[in-house]
Structures are given as structure tokens and as C-alpha cells.
Amino acid sequence: MTRLSFQKALFYTGIAIILWVAVSFIYAPIYSVLTQAFIDDTGFNFGAAGELAESNRVRRAIQNTLLVTVLSVITVNLVGIFQVAALEYISVKGRRFLKFAYAMPLIFVSVVAATGYNFAYGQTGVVTRAIQSVFPSLPNDWFSGPFAVVIAHTFLLTSFHYLFLRAAFRRVDYSVVEAARGLGASNLRAFRSVVLPLLLPTIFATSLLVAYKSLSSFAIPAVVGGRRFDMVAELILTLNSLRRADMAAMLSILLGVSVILCILVMQRIEKRGSYSGGSKTQVAIQRIPLSNPFTNALVHIVAYLIALLQLLPVALVVVYSFAPAKSIIAAVVPSSLTFKNYAAVLSGGDAFTPLKNSLLMGGAAVGMGLLVSLFVVILANRYRNKATTAIDLTFMLPWTLPLPFIAIGLIATFATPNWLVGNQTLLGSYWILPIGYAIVVIPLMIRFLRAAFYALDPYQLEAAQALGAPPLYRFLRITLPAVAPVIILVAGLNINMILSEYTMSAFLFNVNNKPLSIALFEGARSANPDQAAINLVYMTLIMAFSYFIISIADRYGLGRSTRR
Amino acid sequence: MLHEAQEVGSPKPPPRRREKPKVPTNDEQDMRKPQKMKTIFSLGLLTSAMALSVASTAFADPITVYTPQGEERAVWITEQALEAGHEIEVLSAGGGELFDRILAERANPQADIVFGLIDAAMATLKTEKLFEAHVPTWAEGLPAVYRDDADNMVYKFWQTPIVLAYNADALSADEAPTSWMDLIKPEFSGKYVIGPSAWQTTKSYLVGVLVRFADEDGNISDEGWDFMQALYDNAIIVDSGEAKTAAFVNGDATIDLNWFGGVGRQAESVGYNAVMVDTDGGTPFISEGVAIMKGTDQLDASKAFVDWFGSPTFMIAYAEQFGQTPVHPEAIAGSPETVQANAKLVSPQDIDWDAAAPEIDAWMQRIELEIK
């Protein structure tokens with residue numbers, strides 16, 4: 001028996017395993033959601049839909065979700081487009097500072113952002129206390145309800161504009177702007193009539209991403225929404241805990257359908273392609289100084305105000321994480337600075353457990369995810385046929401489904417012994433959450449790894465083969481070194497994502513594996529200063545880790561084509 | 001106990017990994033796509049190893065006990081049990097959470113014993129056929145209401161009133177409510193806190209309120225649901241124990257709807273004097289039971305633990321340590337006087353928990369989806 005044939009057998013085993021993963025953890029959960037929603041012992045049954053329609057709370061949650069989504073898309077666009085203009089179109093002083101402030105939504109995400117907003121503006125928040133010291137009549141819960149959720153979305157969901165719209169703006173040919181101005185158009189007119197139309201496809205795409213995020217928003221309404229304010233994702237969890245799996249499944253299908261609609265529309269717009277304007281030799285965009293002192297001042301004020309609003313919660317979290325526990329919930333300005341809170345978390349006591357759980361589960365999920373994604377990408381890269389495309393699309397499916405849908409599917413599939421996993425019951429076990437995380441991270445991994453594999457130099461491999469290098473040797477000496485940095489970065493990005501992942505965690509965690517995001521969420525309402533201090537340390541650590549990973553990813557140009 | 005916010009997770013060791021499977025080979029050669037073979041080699045092995053590790057579970061030697069008893073109570077019980085020759089491992093979590101967990105694990109029970117869940121929860125788990133029959137040695141002399149003569153599965157050992165208490169530093173006795181029915185009055189608007197209906201405590205008093213409006217068949221009248229709506233409209237609604245405490249810390253809430261031991265604990269941590277009201281119409285009493293899980297691999301050890309745990313001797317020791325009121329007449333007689341006196345502070349509301357148990361899920365659903 002030769003080594004190659006041995007490897008070939010292994011190859012088929014690998015395929016079998018990939019198919020098993022796809023069937024067990026992607027198709028079976030989707031199937032379970034559908035059957036749970038529509039089929040009971042008596043056959044087809046749509047009773048859950050009627051009950052959902054009758055529930056006041058469900059109706060309110062759907063209304064709230066739609067309202068918040070529509071408002072968020074408008075406000076995020078206003079802020080996001082202004083930010084891009086301030087950074088790339090107009091010459092504004094202190095651009096580096098603004099860029100830093102506007103980048104905050106990249107590291108201040110999900111439950112970290114929600115608890116951060118709560119820390120700043122919540123019932124006992126620092127800003128609330130500061131305002132109350134001047135205006136004592138301000139109610140404690142001034143920052144709650146749809147208003148608070150839309151405000152939080154407005155300043156937290158601009159990351160797509162920061163990333164994609166800015167990139168699109170840079171591709172605009174400056175000569176068309178110059179031409180417009182030469183024909184007598186004002187700066188604003190040139191922006192509105194020439195630049196904006198060129199950006200429209202990207203604006204549509206980012207708007208839909210915002211809508212997608214807002215529709216399935218979970219941590220933010222749960223933390224800052226306040227009393228009697230639900231959005232759909234939260235309500236799915238409530239229905240699940242009421243043991244009405246059918247209603248939870250039905251509602252998650254509704255959410256899933258609306259999200260998929262968003263994605264389909266987005267892809268249509270992407271496919272229509274971007275407008276091409278301007279000359280063959282593009283002129284790089286140049287920032288225009290505003291000549292009217294009044295508009296200039298106004299633009300500066302607004303630009304810095306937005307920067308302040310985006311920086312403030314982050315800065316408060318970081319500064320107060322060094323404050324003595326006592327002054328965190330009482331003082332407006334910390335009395336002194338200390339490392340005691342960090343010592344409490346990192347010394348390995350109870351406060352360290354959630355961090356440890358999240359790191360272990362994140363590591364396991366990223367490990368499993370990487371193996372599956374690498375295999376899928378190698379497969380799709382080698383054989384481009386219908387079967388590999390199908391496998392590829394299968395593992396991209398979780399990206400198009402909202403997380404509550406996937407979580408409900410996993411719960412429904414593994415609440416009883418399932419032959420797919422050797423008659424085990426995964427629900428209530430340690431492993432169901434890392435598996436859930438892995439399913440969520442695989443699509444992103446596949447996208448980045450695919451890009452890295454496309455960028456491989458085929459001539460090197462051919463040369464090595466011609467020189468007689470065996471497959472293993474070629475993989476280890478050529479392929480692996482070329483994609484290793486991407487693998488490491490992708491692993492880092494996804495562990496970072498998992499540290500603050502809230503939705504999957506809320507559905508699947510149990511007493512054995514309470515993750516960091518759940519600890520943060522529970523701690524957000526704590527009146528106990530020590531708990532508040534620990535929370536701030538968690539948030540600061542997560543943000544520091546995010547900052548580190550994202551800076552490296554940015555420098556390395558992850559996701560951009562690196563083809564020579 | 002019924003304290004929901006406490007949580008002492010005792011993390012289980014991660015499941016053992018099994019040996020990597022032997023992979024079949026064949027002699028066929030394929031020169032076209034040799035390059036990825038090696039990748040796939042390692043991928044295949046690792047993925048399958050991981051898949052298997054997911055599937056394996058390990059049973060430890062000590063008896064695994066699920067209970068809402070947390071923190072120092074869990075530690076103390078574990079120590080006392082060990083002294084009496086019972087090696088136990090306690091997994092504690094909120095009562096509602098444990099209940100869900102036991103149901104979720106029904107096909108693959110991880111616990112050998114469950115104790116401390118309230119009447120309705122134990123009744124549901126019993127109807128789900130999750131318990132093993134065992135008549136404890138201390139069943140004799142136990143009042144019939146705490147025994148399980150029909151199935152011999154669930155025996156009660158403690159009782160707790162779910163009381164209405166108030167912050168005596170903020171309210172005078174005249175200003176305080178005298179009945180649960182008073183809570184919807186305008187003067188108590190925003191003065192009391194309702195937690196998640198999944199909490200055992202919340203669930204118990206909500207049921208206590210609803211059954212007052214039940215007809216002979218157990219159906220709740222419209223008036224009852226209107227009252228429930230008013231009760232929620234008038235309350236501070238929270239979804240965590242921390243948020244509940246916060247409402248008392250910032251002075252919004254002055255009336256505490258809590259289990260007996262929780263009243264004092266919260267008053268102490270927030271810093272006020274609590275007074276319990278002997279309400280008109282009675283106070284819901286709940287009792288907590290112990291049962292052995294069906295499918296336990298430590299049946300004899302579990303039986304021995306149950307016999308020891310519910311015995312008047314240990315119940316008296318526990319009453320001395322934590323002031324908890326037992327239900328066994330012998331244990332009550334041997335308890336400290338303060339415990340005996342506490343037991344008479346409030347008069348019980350007459351609730352038929354066995355009759356209510358099958359309805360509770362639907363009631364809670366209506367509260368969560370239409371009232372909250």
C-alpha cells in the first residue's frame with residue numbers, strides 16, 4: 001500500500017465527515033425549525049401562527065423591530081454618510097482623531113456596546129449622574145425604549161459605512177468632481193449630484209446590512225431597551241423558555257425570511273454593478289477646504305460631536321475600569337486609578353471563569369471551524385463542480401440565517417437523543433455552545449480562506465511538482481506558509497467575535513459554560529460595585545483584544561485580494 | 001432555596017476524547033490531485049476525533065445532586081453529607097433554570113438526585129416520568145400532604161412561605177399593603193418588583209394570586225386576568241436578580257415579594273429593616289421535595305443519601321444553621337424556637353398545587369405574552 005492511496009482513503013473519510021457536519025449541524029437544525037413550526041402529532045398545523053398573532057407582546061415586538069429598523073437605517077445613513085464626507089470629501093482639522101473615533105464601532109460591538117451604553121447612559125450611568133447633578137429632574141430611565149435603541153444603533157452600526165462606503169468613495173474619480181465644480185456647482189451640489197449617485201449602490205448595500213443587523217438586534221434592546229420593550233430576537237428566547245418551541249420556531253422563520261429578503265435585495269443591487277464614471281486614468285480624491293466660515297464651523301462642530309458621542313462610552317468604560325470599585329457607581333469622576341479590578345479578574349477566581357469559558361469555547365469553535373472551512377475551501381479550490389459548489393454554499397447558509405433561527409434549530413434537533421451524534425442529547429451539555437459558535441464562524445472563515453487560496457501562486461506549486469516534491473511536502477512548504485498568516489488572523493478575528501457573541505450564547509449556554517457575554521449581560525444590571533468593576537474590565541479586555549486583532553488585520557489587508 | 005440569583009457553577013470536566021478511529025485505506029493511486037491529500041489526512045482525523053469527543057460523557061463517582069441551594073448552603077450540605085458518609089457533588093443554579101435543564105436532559109440524565117425544587121416543578125417532573133420510586137425512612141410520621149403515597153417518588157422536607165414584606169424605614173405599618181390584592185392600588189405604583197415568571201418565587205405568588213380567581217373547574221375568570229394585568233401595570237418589571245436589588249438600592253421599590261429567607265437576605269444586603277405582612281387571604285406556602293432520578297447508576301447510594309438528608313436529625317441541624325423550617329413534625333419539634341416562631345408569622349393560603357401544576361405553563365404563557 002502506498003502513501004498516496006492511504007491519503008486518498010483519508011480524503012474520502014474527510015468528505016464523509018464534512019457531509020456529516022453539514023447534515024447534522026446545518027440541515028438537520030433547519031429541518032427541525034420548519035417541522036417544529038408547522039407539524040405536530042396531528043399533521044400540518046398552523047396554530048402557532050394564530051397564537052403569535054393574538055399575543056400583544058409579539059405584535060408589539062414586531063412593530064418595535066420594524067420601527068427601530070426603519071429609523072436606524074435613516075439615522076445610520078445620515079451619520080455614516082456625513083462621516084465619510086468629513087473624512088474623505090471635506091478637509092476637516094484633526095482627521096486622524098476623527099478617523100480613530102469613527103472606527104470605534106469596529107471594536108465596540110454587540111453585548112460590549114450594549115453594556116457600555118448602559119454604563120454611560122443607563123439608570124445609574126455616569127452621564128446620567130453627571131446630567132442629574134445639573135438638572136436633577138432628569139428621570140433615571142431617560143435613556144430607554146425605542147429612542148435609546150435607535151440612538152445606540154445610530155452610533156454603533158456605522159461600521160459598514162466606515163469600511164465599505166469609505167472604500168467606495170475613494171474609488172470615485174476626482175476629475176468628475178472637479179468638472180462639476182468647474183461648471184459652477186457648489187461643494188454641496190457637487191456632492192449631492194455627482195458623488196452621491198456614484199455611491200448609491202454601496203449606500204443601498206450598507207443600508208441593507210444595517211437593516212439586517214437591526215432586524216436581528218438582540219443585546220442592545222435587551223440591555224438599553226428597558227421595561228416592556230422587546231424586539232423579535234428577544235421574544236424568540238422568551239417563547240423558547242416558555243417551552244413553546246412551535247411559536248419560537250414560527251417567529252424565527254418570520255425573522256429568517258425578512259433577513260433573507262434583505263440579503264437577496266442586497267445581492268441584486270451588488271450584481272447590477274457599480275456605476276462607472278470618469279476618465280480611464282482616475283484622479284485620486286482630494287479633500288476640499290470649505291470657504292464659507294459658517295458652514296466650515298458647522299461641519300467641524302457636527303464632526304466632533306459625532307466623534308465625541310462615539311468615543312464617550314468607550315472612554316468611560318476604559319477609564320472607569322481603572323477606578324476603585326466604590327467610585328464606579330457613585331462618582332462622576334473617578335477618585336483615583338488602580339489595577340485592583342484587573343487583578344480581581346485575572347487572578348483566576350470566580351471573576352475569571354466566564355473569560356476562561358469563552359476563551360476555551362472560542363478556541364474549540366475556531367479549531368473546529370477552521371478544519372471544516374479549510375477542507376471545504378481546498379475542495380472547492382481543487383474541484384470546481386456542482387458538488388463542491390453545493391458544499392460551499394451549504395456552509396455559507398448560516399450567514400444568511402439569523403442567529404436565533406440557528407439556535408432554535410440546534411435546540412430542537414439535539415433536545416432528544418439524536419442518531420446523528422450517536423444517540424446523544426447535546427442540549428444542556430457543554431459542547432452545544434461551541435458547536436453553535438463554530439457554525440456561526442465558518443462562513444466568515446470560508447470567505448477569507450477562499451480569498452487566500454485564490455491568491456496562491458500556481459506556478460510555484462507547478463514548479464515544485466516538476467522538481468518532484470511530493471504532495472505533503474508541497475503543502476507544508478508552499479501552501480501552508482502562504483495561507484498561514486490568514487489562518488492565524490481569521491482565528492483571531494473569530495475568537496474576538498465569539499468573546500462578545502450574545503445571541504447564540506443566550507440560547508445555548510448552561511451552568512457549566514456560562515460565557516463572557518452572558519456574564520456581561522447579567523452584570524450590567526448589577527447594583528454591586530465589585531460586579532460593575534469586573535464588567536468594565538471584561539469590556540476593556542475585549543476591546544483591547546479587538547483593537548489588536550483588527551489593527552493587524554487592517555495592516556495585512558485581510559479580505560483584499562493580494563494577488564500579485 | 002428559592003433564591004434565584006445565586007449561582008455556583010461547578011464546571012464539569014470536559015468530556016474525554018476517545019481514540020482516533022482507524023481509517024481504512026486502499027491501493028488505488030490518484031496522481032491528479034495528490035497535493036491536498038495530506039491536508040485532508042489531518043483534517044479528517046481531527047474532525048472525527050472532535051466529533052467523538054462531543055459524543056462521550058463521563059460519570060463521576062460521587063452522587064450528582066441538582067439543587068437551587070447555592071453558595072454557603074451548598075458547601076455546608078456537601079460537608080455534612082461527607083461526614084455522614086455520602087460523597088456528593090452539587091450543581092446549583094436558579095430553580096427555574098435547573099428545572100429546564102432536567103427536562104432538557106431527560107433522555108440522558110446527568111443528575112442522580114434532585115432536591116429543593118418547589119411543589120409544582122416536582123409534580124411536573126414526576127408526570128414526565130423522570131423519577132425513581134423510593135420511600136424514605138423518614139416518610140413515617142410525615143403529614144400526608146408532604147408524602148407521595150400515590151407514586152412514592154417525591155417527599156417534601158421544607159416549607160417556605162412566599163411573603164409580602166416592606167421596607168419599614170420607608171413605609172409605616174399603616175401605609176403598607178395588608179393583602180396581595182392591595183398591590184394594584186395607585187399608592188403602590190412602582191413600589192414593588194416582579195421578576196421573571198420562570199423564577200420559582202415569582203411563579204409561586206403569581207399562581208397564588210390567580211387561584212383566588214379560579215372557578216370549580218380551575219378556570220381563571222376574566223376578573224382574575226384583569227387583576228393580573230393591573231398587578232403588572234403597577235409593578236417594576238425586571239429580568240434579573242441584580243435588577244431587582246438595584247430597584248431597592250435606588251429607593252424606587254419598598255415592597256418585597258420574596259421567599260421567607262430571601263426577605264431578610266435582601267434587606268441585609270441593601271441595608272433596611274424588613275417587616276413581613278400576615279396578609280388577608282393568606283400567604284402562599286410552598287414546600288420543597290427530594291427525589292431520585294430515574295436511570296441513576298447509583299441507586300443504593302442515592303437512596304441512602306435521601307434517607308439521611310430528610311431525616312429529622314439533619315433537618316434540625318439545617319434549621320439551626322440556616323433558620324429553615326422543616327415539615328417533619330419531629331424535626332419541627334427539635335428546631336430552635338425562633339424557627340418554630342417564624343413558621344407561625346404568616347398564615348397559609350390554601351393552594352392545591354397538584355391541581356394547579358398542569359395549568360401553570362399555560363398561565364405563565366398568557367402572562368408573558370399578553371400581560372407583561
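**Entry 1: α25 and α26 of chain A**

Is the crossing of α25(A) and α26(A) left-handed or right-handed? I looked it up in what is a predicted model, where local features need pLDDT of at least 70, side-chain atom pairs count only at pLDDT 80 or more, and totals for chains, interfaces and linings use all residues. For my notes: residues are numbered from 1 along each chain as its sequence is written, chains are lettered from A and ligands numbered from 1 in the order in which they are written, and side-chain values use heavy atoms, with hydrogens and water left out.

I got left-handed for α25(A) and α26(A) (the near helix is turned anticlockwise from the far one by less than a right angle; clockwise would be right-handed). Helices here are DSSP runs of H or I with at least four residues, strands are E runs of at least two, and both are numbered from the N terminus. Helix α25 covers residues 516-524 of chain A and helix α26 covers 529-556, and they pack at about 140° with axes 9 Å apart. The axes are lines fitted to C-alpha atoms, for helices over the stretch in contact, and the angles run from 0 to 180 degrees between N-to-C directions. That angle makes α25(A) oblique to α26(A); under 35 degrees is roughly parallel, over 145 roughly antiparallel, 65 to 115 roughly perpendicular, and the rest oblique.

I then listed the contact (heavy atoms within 4.5 Å). From α25(A) come Leu516(A), Ala519(A), Leu520(A), Gly523(A) and Ala524(A), and from α26(A) come Gln531(A), Asn535(A), Tyr538(A), Met539(A) and Ile542(A). By class I have seven nonpolar, three polar and no charged residues. Nonpolar is Ala, Val, Leu, Ile, Met, Phe, Trp, Tyr, Cys and Pro, charged is Asp, Glu, Lys and Arg, and polar is the others, Gly among them.

**Entry 2: α3 and α11 of chain A**

Next I checked α3 (56-89) against α11 (187-215) in chain A: about 140°, axes 9 Å apart. That makes α3(A) oblique to α11(A), and their crossing is right-handed. Among the residues that meet are Val73(A), Val76(A) and Tyr89(A) from α3(A), and Phe191(A), Val195(A) and Ile203(A) from α11(A). The class count is 14 nonpolar, seven polar and no charged.

While on α11 of chain A, I looked at Thr202(A), which sits in that helix. Thr202(A) counts as buried at 19% relative accessibility; the cut-offs are under 20% relative accessible area for buried, over 50% for exposed and partly exposed in between, with a 1.4 Å probe and protein chains only. Leaving aside neighbours within four places in sequence, Thr202(A) contacts Phe164(A), Leu165(A) and Ala168(A).

**Entry 3: the cores**

Which residues have the most contacts inside the largest nonpolar core? I found Tyr89(A), Phe395(A), Phe131(B) and Met228(B), in a core of 253 residues. A nonpolar core is a set of buried Ala, Val, Leu, Ile, Met, Phe, Trp, Tyr and Cys residues joined through side-chain atoms within 4.5 Å. Helix α21 (432-454) of chain A gives the most to this core, 15 residues. A second, separate core has 30 residues, including Trp308(B) and Val290(B).

I followed Tyr89(A) outward: beyond four places in sequence, its contacts include Val84(A), Phe169(A), Phe191(A) and Arg287(A). Phe169(A) is in helix α9 (159-170) of chain A and counts as buried at 0% relative accessibility. Its C-alpha is 7.8 Å from that of Val84(A), 85 residues apart along the chain. Besides Val84(A) and Tyr89(A), Phe169(A) touches residues including Glu88(A), Leu199(A) and Ile285(A).

**Entry 4: odd phi values and chain B**

Where does Arg243(A) lie? It is in the loop between α13 (232-241) and α14 (245-271) of chain A. Its phi is near 60°, positive in a residue other than glycine, and Arg243(A) is partly exposed at 30%. Asn152(B) also has a phi near 60°, and I placed Asn152(B) in the loop between β4 (131-132) and β5 (155-167) of chain B. Asn152(B) is partly exposed at 28%. Most residues other than glycine have a negative phi.

In α7 (241-249) of chain B, the buried residues include Ala243(B), Lys244(B) and Phe248(B). The buried residues of α7(B) pack against β6 (193-194), β7 (236-237), β8 (255-259) and α8 (260-270) of chain B. Just after α7(B), Gly251(B) takes a positive phi of about 85°.

Last, His328(B): it lies in the loop between α10 (312-322) and α11 (329-334) of chain B, and is buried at 5%. Its contacts beyond four places in sequence include Trp138(B), Glu140(B) and Pro312(B).
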